[in-house]
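Reader: I'd like a close look at one part of this protein rather than a quick tour of everything. Could you pick a helix, start just ahead of it, and walk me through what surrounds it?

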Amino acid sequence: MSSGGPHAEPGTSGGGPPLLLVALAIGGLVVMLGAIVVTLVSPPGAGSGPGTTPAAATPATSGDAARRAARQAIAALGTQGLQVVEPRSAYRPAESPTLYAAPRLVLQAVLPDDPDSGQFVIYELPSIADAAAAGDELARYVESGVGRVQFPADARFVLRRIGPTLVFFTWSPTNDADPRTGDVAVALETIGEGIPVEP
């Protein structure tokens, strides 16, 4: 016999909402939280507009071309009596969009009076043409208002192209304590082909 009371429909638990709706709500929250996390951890400059490609937070390791360029840089610095080592801490200068995700090799000229300075970057591009275009882009970026404010007011720049690689060094006479920092620039300006950067 019927008791006359309400009967639970299949897929429900008593008077609560249907289990299917609860599952959908939880699933929606998970997707929304995932989207928020992805947004928060996306690296700066990883745009999503037309023609942009999300960049990796940690660039890929460079290859043979960068190592060849490094040997030239090390030899040039040696003529100034400067040793070169791998930096003890991470270093990343302000970069134009193309170079943000480019494979690179970071080296450091040893400056005893300023052990946290002397770093320079060797970027490796797919071809000579790509390196030339990326070098021009970096020069224009550094000269622009957006790029220029990321360096000291009296910053000086060395930008050289060696085959499919770019060598980039920046320094400031008033902010770099070791008087030999300028010798790093002098040495690096002897390698490859110069790409002018207006101060």
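Author: Let's start at G63, which sits in the loop between α1 (19-41) and α2 (64-79). Keep in mind that this is a predicted model. G63 has a relative accessible area of 18%, and since buried means under 20%, it counts as buried. There's also a long-range partner to look for: Y123 is 60 residues away from G63 in sequence, yet their C-alpha atoms are 9.8 Å apart in space.

Now step into α2 itself. How far should its 16 residues reach, at 1.5 Å a residue? The expected span is 22 Å, and the end C-alpha atoms of α2 lie 23 Å apart, so the two agree.

Next, which residues of α2 are buried? They are A65, A66, A69, A70, A73, A76 and L77. If you look down the axis of α2, these buried residues fall within an arc of 135°, which means they line one face of the helix. The spacing in that list makes sense once you know one rule. An α-helix has 3.6 residues a turn, so residues three or four places apart point the same way. Then turn to the face of α2 that points away from the buried side: the exposed residues R71 and T79 are there.

So what does the buried side pack against? The buried residues of α2 meet β1 (84-85), β2 (104-109), β3 (119-124), β4 (156-162), β5 (165-171) and α6 (181-188). Just past the end of α2, have a look at G81 too, which takes a positive phi of about 75°.

Let's follow two of those partners, beginning with α6. This helix is mostly covered, with six of its eight residues buried. Those residues are T181, G182, V184, A185, A187 and L188. They pack against α2, and also against β2, β3, β4 and β5.

The other partner is β2, and A109 is a nice residue to stop at in that strand. Is A109 buried or exposed? With a relative accessibility of 0%, A109 counts as buried. Here's a link back to our helix: A109 and L77 are 32 residues apart in sequence, but 7.7 Å apart in space from C-alpha to C-alpha. Leaving out neighbours within four places in sequence, A109 is in contact with Q83, V84, S117, G118, F120 and V184. One of these, V184, is among the buried residues of α6.

While you're at β2, check the second largest pocket, which has a volume of about 170 Å³. Its lining is made up of E86, P87, S89, A90, Y91, R104, L105, V106 and L107. By type, that lining divides into six nonpolar residues, one polar and two charged.

It's worth comparing α2 with another helix, α4, which covers residues 128-143. Just before α4 comes S127, in the loop that follows β3. S127 is partly exposed, with a relative accessible area of 26%. Its C-alpha is 7.6 Å from that of G163, although the two are 36 residues apart in sequence.

As for α4, its 16 residues should span 22 Å at 1.5 Å a residue, and its end C-alpha atoms are 23 Å apart, which agrees. The buried residues in α4 are A131, A134, G135, L138, A139, Y141 and V142. They cover an arc of only 160° around the axis, so they sit on the same side of α4. What covers them includes α3 (97-100), α5 (145-148), β4 and β5. You've met β4 and β5 already: the buried residues of α2 pack against them as well.

One last stop is P152, in the loop between α5 and β4. P152 is partly exposed, with a relative accessible area of 33%. Not counting residues up to four places away in sequence, P152 touches S172 and N175. The C-alpha atoms of P152 and P173 are separated by 9.6 Å, with their positions 21 residues apart along the chain.

Finally, zoom out to see where our helix belongs. The protein chain has six helices and six strands, and from the N terminus on they run α-α-β-α-β-β-α-α-β-β-α-β. Buried residues make up 36% of the chain's 199 residues. And those long-range links? Among the chain's contacts with a separation of 6 or more, 64% come from residues 24 or more positions apart.

Methods
Residues numbered from 1 in each chain as written. Predicted model: local features only at pLDDT ≥ 70, side-chain atom pairs only at ≥ 80, totals over all residues. Heavy atoms only, no water. Helix = DSSP H or I, 4+ residues; strand = E, 2+ residues; numbered from the N terminus. Buried < 20%, exposed > 50% of the residue type's maximum accessible area, 1.4 Å probe, protein only. 1 Å grid on protein atoms, 1.4 Å probe; cavity = no way out; pocket = protein on both sides within 12 Å on 5 of 7 lines; lining within 4 Å. Points joined across faces, edges and corners; volume = space filled by probe spheres on them. Nonpolar A, V, L, I, M, F, W, Y, C, P; charged D, E, K, R; others polar. Expected span 1.5 Å × (residues − 1). Arc of directions from axis to C-beta. Contact = heavy atoms within 4.5 Å.
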